[in-house]
Amino acid sequence: MGRTCLRMVASMSLLLGGVVALGADPGAGTSSKAASELVALMKSRNLDAIAAPDPEQQDRFVAALLIPDVQLLVVGATTTAPAYLQSQLAQHLYRDAYSTLQSAAVLKTKLFFQDMGSDGLTEGGSLDIMYEHGTEQTVFDGDWKRQKISKAAYDKKLQKADADYAKMLQLLIEALRAAPGAV
């Protein structure tokens, strides 16, 4: 009976350890790591902006503007001026490309994130905002009631937004790594 009891305790410890590990950082999603990595890469290159084409969708671009120690602004959209944006990228005019993408986006394709703290979409930390289609705003601050949706709907929207945001950040990270002088 002693061995059986010991096995049960060991099994319970492993199970509880896994649950604790899974819940160790409940607000951190997939975008947290990507945001940290992008910010570090941008700082190491003394960049306040970066932009890149989306290889999965023609005429779609992603761009970010970093305000150090404050926020990361990231936009992705199909543009009405793809050739102009490509020429800005070729000249490394990333801030201009960010501005062009903000102003020449096809609204129904536009996805824009205000990542306060530049730490990814997190709950309980900083206030993060997502704009879809140019005007539909969702505030990620843990208060789903203010959004006039259920907790389940809020959680689902946050999970999808986090995945979309992480994907956009990853495109920018890959562009920085592929650029001459990559770190």
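**Exercise 1: a covered strand and its hairpins**

Work out how many residues of strand β2 (residues 60-67) are buried, then trace how β2 pairs with β1 and with β3.

*Solution.* Start with burial: β2 is mostly covered, with seven of its eight residues buried. Keep in mind that we're working with a predicted model here.

Next, look towards strand β1 (residues 49-53). Five bridges tie β1 to β2, and the two run antiparallel. To get the register, find alanine 51, which sits opposite alanine 63 in β2. The two strands make a hairpin with six residues between them, and aspartate 59 in that turn has a positive phi of about 65°.

Now go the other way. Strand β3 (residues 71-78) is joined to β2 by eight bridges, again antiparallel. Here isoleucine 67 has glutamine 71 in β3 as its bridge partner. This hairpin has three residues between the strands.

**Exercise 2: the whole sheet**

Give the strand order of the open sheet, and say which strands stand at its edges.

*Solution.* Walk across the sheet and you pass six strands in the order β1-β2-β3-β4-β5-β6, with antiparallel pairing. That puts β1 and β6 (136-140) at the edges, each with a single partner strand, so one side of each has no neighbour in the sheet. On average, neighbouring strands are turned by 10° against each other, ignoring direction.

For the β6 end, check its pairing with strand β5 (residues 128-132): five bridges, in the antiparallel sense. Isoleucine 129 finds its bridge partner in valine 139 of β6.

Then add the helices. Helix α4 (residues 94-103) packs on the sheet and touches β1, β2, β3 and β4, its direction making about 120° with that of β2. Helix α2 also lies across β1, β2, β3 and β4 (111-116), running at about 70° to β2.

**Exercise 3: two packed helices**

Decide how helix α2 (residues 30-44) and α5 are oriented where they pack.

*Solution.* Two numbers do the job: packed helices are described by the angle between their axes and the distance between those axes. For α2 and α5 the angle is about 30° and the axes are 9 Å apart. The cut-off for roughly parallel is under 35 degrees, so α2 and α5 fall in that class. As for handedness, α2 passes α5 in a left-handed crossing. Residues making the contact include Ala34, Leu38, Leu41 and Met42 of α2, along with Ala166, Leu169, Leu172 and Leu176 of α5.

**Exercise 4: into the core**

Find which members of the largest nonpolar core touch the most other members, then list the contacts of isoleucine 50.

*Solution.* The core holds 47 residues, and those touching the most other members are Leu38, Ile50, Leu72, Val74, Phe113, Leu169 and Leu172. Helix α5 (residues 151-178) supplies the largest share, ten residues.

Zoom in on isoleucine 50. Leaving out residues up to four places away in sequence, isoleucine 50 touches Leu38, Met42, Val62, Ala63, Ala64, Tyr94, Leu172 and Leu176.

**Exercise 5: odd phi values**

Are asparagine 46 and aspartate 69 buried or exposed, and where do they sit?

*Solution.* First, the background: most residues other than glycine have a negative phi. Asparagine 46 goes against that sign, with phi near 55°. Its place is the loop between α2 and β1. Aspartate 69 has a positive phi too, about 65°, and lies in the loop between β2 and β3.

For accessibility, the cut-off for exposed is over 50%. Asparagine 46, at 71%, therefore counts as exposed, and so does aspartate 69, at 72%.

Methods. Residues are numbered from 1 along each chain as its sequence is written. This is a predicted model: local features need pLDDT of at least 70, side-chain atom pairs count only at pLDDT 80 or more; totals for chains, interfaces and linings use all residues. Side-chain values use heavy atoms; hydrogens and water are left out. A nonpolar core is a set of buried Ala, Val, Leu, Ile, Met, Phe, Trp, Tyr and Cys residues joined through side-chain atoms within 4.5 Å. Buried means under 20% relative accessible area, exposed over 50%, partly exposed in between (1.4 Å probe, protein chains only). Helices (H or I, at least four residues) and strands (E, at least two) are DSSP runs, numbered from the N terminus. Contact means heavy atoms within 4.5 Å. Two strands pair if DSSP finds at least two bridges between them. Axes are lines fitted to C-alpha atoms, for helices over the stretch in contact, and angles run from 0 to 180 degrees between N-to-C directions. Angles under 35 degrees count as roughly parallel, over 145 as roughly antiparallel, 65 to 115 as roughly perpendicular and the rest as oblique. A crossing is left-handed if the near helix is turned anticlockwise from the far one by less than a right angle, and right-handed if clockwise.
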